[in-house]
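Here is a short report on one protein chain. Look at the sequence and the fold first, then read on.

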Amino acid sequence: MVEAGEWTRGITRLAVLTGAGISTDSGVPDYRGPDGLWTRDPSAVEAFTYPRFMTDPAARARFWRTYAGHPAWRAAPNAAHRALAELQQSGTAVRVLTQNVDGLHQRAGLPARMVLELHGTIHEVRCTGCDIRTPTAATLARVHAGVADPRCDDCGAILKLAVVLFGEYLDDLVLDHARRIAAAAQLLVAVGSSLRVEPAASLCSVAVRAGARLVIINRDETPYDDLADEVVREPIGQALPRIVAALRDNRAALAA
Ligand code: ZN
């Protein structure tokens, strides 16, 4: 076990960048790990690109079939999600920038306004015509009832899960907001992200350039390891609760 280092001292503004690795303990598979979605079915990567989704009804039918059975629907938050929510409740300003679309940070008790979903959410469906957003459950009920390619009730256009697909750009406003949060943080902790998907990963350099400390918790090496004050290889479900406890204790010591 590694003790949490000097970098936990005096932190009152924390940003946490989270990737698929934080949710694997909840049973949500990652993408490129040994049991990852893309590892098991490489052809899904091509099928689930934005251009394919928008032009190929068969790709859309496959997409909805895949997501109707997605493990995220049954997943519950784990110790790492809960640790971040508890830190926020104890008075530290915690902002989560997540690459995940599973909504587990909010389910663990973090207020939605503290969570920026860089790649969108599976819990909403967006109409590609009139832009209306609706809860995904209603669309999935139609898929389960046999509708292969559900369309908007209002305008008839293609419905799309409100997640960013391959070949689709991140929302500029969301990304700009994320950069400002990273730049304002005293410490950025990157958790369970391979840090290989841009522009999300570059939030690490945004934070460091603005003077923040950077800590990376990830099973495998990342392109940003050299920039980090510390790299933690311990399992996330152990590492994050321990680091959160150190942050809370050091903050309490600061206030005393
Ligand atoms: Zn519509």
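The report covers the domains, the empty spaces, one helix, one strand residue and some backbone angles.

**Two domains**

This is a predicted model. The protein chain is divided into domain 1 (1-28 + 78-119 + 170-256) and domain 2 (32-74 + 122-163). Their centres, taken over C-alpha atoms, are separated by 28 Å. Eight residues from domain 1 and ten residues from domain 2 make up the contact.

**Empty spaces**

Rolling a probe the size of a water molecule over the atoms shows where empty space is left. How many cavities of 30 Å³ or more does the structure hold? It holds one. The volume of this largest cavity is about 110 Å³. Residues that line the cavity include A20, S23, Y31, H70, N100 and I122. Others in the lining are V28, P29, D30, A72, V101 and D102. Each domain gives at least three residues to this lining.

There are pockets too. The second largest pocket has a volume of about 340 Å³. Its lining counts 18 residues, and G120, R133, A162, V164 and D171 are the ones nearest its centre. Strands β4 and β6 are the elements that give two or more residues to this lining. Here again, domain 1 and domain 2 each supply at least three lining residues.

The table sorts both linings by class.

| Space | Nonpolar | Polar | Charged |
|---|---|---|---|
| Largest cavity | seven residues | three residues | two residues |
| Second largest pocket | eight residues | three residues | seven residues |

**One side of a helix**

Now turn to helix α7, residues 136-144. Which of its residues are buried? They are T136, T139, L140 and V143. These residues cover an arc of only 100° around the axis, so they sit on the same side of α7. The general rule helps here. An α-helix has 3.6 residues a turn, so residues three or four places apart point the same way. What covers the buried residues of α7? The cover includes α4 (57-68), β4 (120-127), β5 (133-135) and β6 (159-163). After α7 comes G146, with a positive phi near 110°.

**A residue in strand β2**

T98 is part of strand β2, residues 93-98. Is T98 buried or exposed? T98 has a relative accessible area of 2%. Buried means under 20%, so T98 counts as buried. Leaving aside residues up to four places away in sequence, T98 touches T18, H105, V115, L116, E117, L118 and H119. P235 is 137 residues from T98 in sequence. In space, T98 and P235 are 18 Å apart, C-alpha to C-alpha.

**Backbone angles to check**

Most residues other than glycine have a negative phi, and most peptide bonds are trans. Some places in this model depart from that.

Take D131, in the loop between β4 and β5. D131 has a positive phi, near 70°. This residue is partly exposed, with a relative accessible area of 46%.

Next comes L195, in the loop between β7 and α9. The phi of L195 is also positive, near 55°. L195 is buried, with a relative accessible area of 1%.

Finally, look at P199. P199 is in the loop between β7 (187-191) and α9 (203-209). The peptide bond from E198 to P199 is cis, and its omega is near 5°.

Methods: Residues numbered from 1 in each chain as written. Predicted model: local features only at pLDDT ≥ 70, side-chain atom pairs only at ≥ 80, totals over all residues. Heavy atoms only, no water. 1 Å grid on protein atoms, 1.4 Å probe; cavity = no way out; pocket = protein on both sides within 12 Å on 5 of 7 lines; lining within 4 Å. Points joined across faces, edges and corners; volume = space filled by probe spheres on them. Nonpolar A, V, L, I, M, F, W, Y, C, P; charged D, E, K, R; others polar. Domains from an automatic or database assignment. Buried < 20%, exposed > 50% of the residue type's maximum accessible area, 1.4 Å probe, protein only. Helix = DSSP H or I, 4+ residues; strand = E, 2+ residues; numbered from the N terminus. Arc of directions from axis to C-beta. Contact = heavy atoms within 4.5 Å.
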